[in-house]
Amino acid sequence: MIASQAADDLLNIKGVLASFVLTRANNKIHISGRSLGDISVQLILERIGGGGHLTAAATQLDMSMENAEKMLRKAIIEYIREEEENESNTNR
């Protein structure tokens, strides 16, 4: 619950469109993602085994915090690249 509340709170910071909070519990890494709607945290977390909704999603990973962060960063970068490609193709 604390991770999801923290992710929600981070959206109150000016300029933040999406947030991800990683916590460790029961020997797993829990990732909670939240967004204001312009970024699909669902699509990002689905890339690493999670799910949810456009504006609220989560996953649990059985790995180190460092590896979980690397996986999440990679998923975010891939999502952004695909969104930019789709936008570019739409504007043609």
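## Exercises on strand pairing and salt bridges

Strands β3 and β4 pair in the antiparallel sense over 3 bridges. The model examined in these exercises is predicted.

### Exercise 1. The β3–β4 connection

Determine how many residues join β3 to β4, and identify the bridge partner of G51 in β4.

Solution.

1. The connection between β3 and β4 is a hairpin, and it runs through 2 residues.
2. The bridge partner of G51 is A58, a residue of β4.
3. The pairing in which these strands take part is antiparallel and comprises 3 bridges.

### Exercise 2. The two faces of β4

Sort the side chains of strand β4 (residues 56–61) by the face to which they point, and state which are buried.

Solution.

1. In a regular strand, side chains alternate between the two faces of the sheet.
2. On one face of β4 are A57, T59 and L61, and these are buried.
3. A56, A58 and Q60 point to the other face and are not buried.
4. A58, from the face that is not buried, is also the bridge partner of G51.

### Exercise 3. Strand β2 and its neighbours

Establish the sense in which β2 pairs with β1 and with β4, and give the number of bridges in each case.

Solution.

1. Strand β1 (residues 18–25) pairs with strand β2 (residues 28–35) in the antiparallel sense, over 8 bridges.
2. Within this pairing, F20 has G33 of β2 as its bridge partner, and A25 has K28.
3. The two strands form a hairpin with 2 residues between them. In the turn, N26 has a positive phi of about 55°.
4. The pairing of β2 with β4 is likewise antiparallel, over 6 bridges.
5. Here R34 stands opposite A56 in β4, and H30 has Q60 of β4 as its bridge partner.
6. Strand β2 is mostly covered, since 6 of its 8 residues are buried.

### Exercise 4. The salt bridge of R34

Identify the residue with which R34 forms a salt bridge, and explain which parts of the chain the pair ties together.

Solution.

1. R34 forms a salt bridge with D8, and the closest N and O atoms are 3.2 Å apart.
2. R34 lies in strand β2 and D8 in helix α1 (residues 2–10), so the pair ties together parts that are 26 residues apart in sequence.
3. The relative accessible area of R34 is 15%; because buried means under 20%, R34 is buried.
4. D8 has a relative accessible area of 36% and is partly exposed.

### Exercise 5. The salt bridge of R47 and its network

Locate R47 and E82 in the chain, and name the residues linked with them in a network of salt bridges.

Solution.

1. R47 forms a salt bridge with E82, the closest N and O atoms being 2.8 Å apart.
2. The pair links distant parts of the chain: R47 is in the loop between α2 (41–46) and β3 (51–53), whereas E82 is in helix α3, 35 residues apart.
3. Both residues are partly exposed: R47 has 31% relative accessibility, and E82 has 38%.
4. The network of salt bridges links R47, K74, E78 and E82.
5. K74 is in helix α3 and is exposed, with a relative accessible area of 53%.
6. The C-alpha atoms of K74 and G51 are separated by 17 Å, the two residues being 23 residues apart along the chain.

### Exercise 6. Charges along helix α3

Describe the salt bridge between K70 and E66, then list the residues that gather in a surface patch of negative charge.

Solution.

1. In the salt bridge between K70 and E66, the closest N and O atoms are 3.2 Å apart.
2. K70 and E66 are separated by about one helical turn because they are 4 residues apart in helix α3.
3. E66 has a relative accessible area of 51%; because exposed means over 50%, E66 is exposed.
4. The patch of negative charge on the surface contains E83, E84, E85 and E87.
5. E87 lies in helix α3 (residues 65–90) and is exposed, with a relative accessible area of 55%.
6. The whole structure holds 6 salt bridges, including the one between K70 and E66.

Technical notes: Residues are numbered from 1 along each chain as its sequence is written. This is a predicted model: local features need pLDDT of at least 70, side-chain atom pairs count only at pLDDT 80 or more; totals for chains, interfaces and linings use all residues. Side-chain values use heavy atoms; hydrogens and water are left out. Two strands pair if DSSP finds at least two bridges between them. Patches are made of residues with over 30% relative accessible area and no salt bridge: like charges are joined within 9 Å, nonpolar side chains (Val, Leu, Ile, Met, Phe, Trp, Tyr) within 5 Å. Accessible areas come from the Shrake-Rupley method with a 1.4 Å probe; for residues, only the protein chains shown count as cover. A salt bridge is a side-chain nitrogen of Lys or Arg within 4 Å of a carboxyl oxygen of Asp or Glu. Lys and Arg count as positive and Asp and Glu as negative; His and the chain ends are not counted. The place of a charge is taken as NZ of Lys, CZ of Arg, CG of Asp or CD of Glu. Buried means under 20% relative accessible area, exposed over 50%, partly exposed in between (1.4 Å probe, protein chains only).
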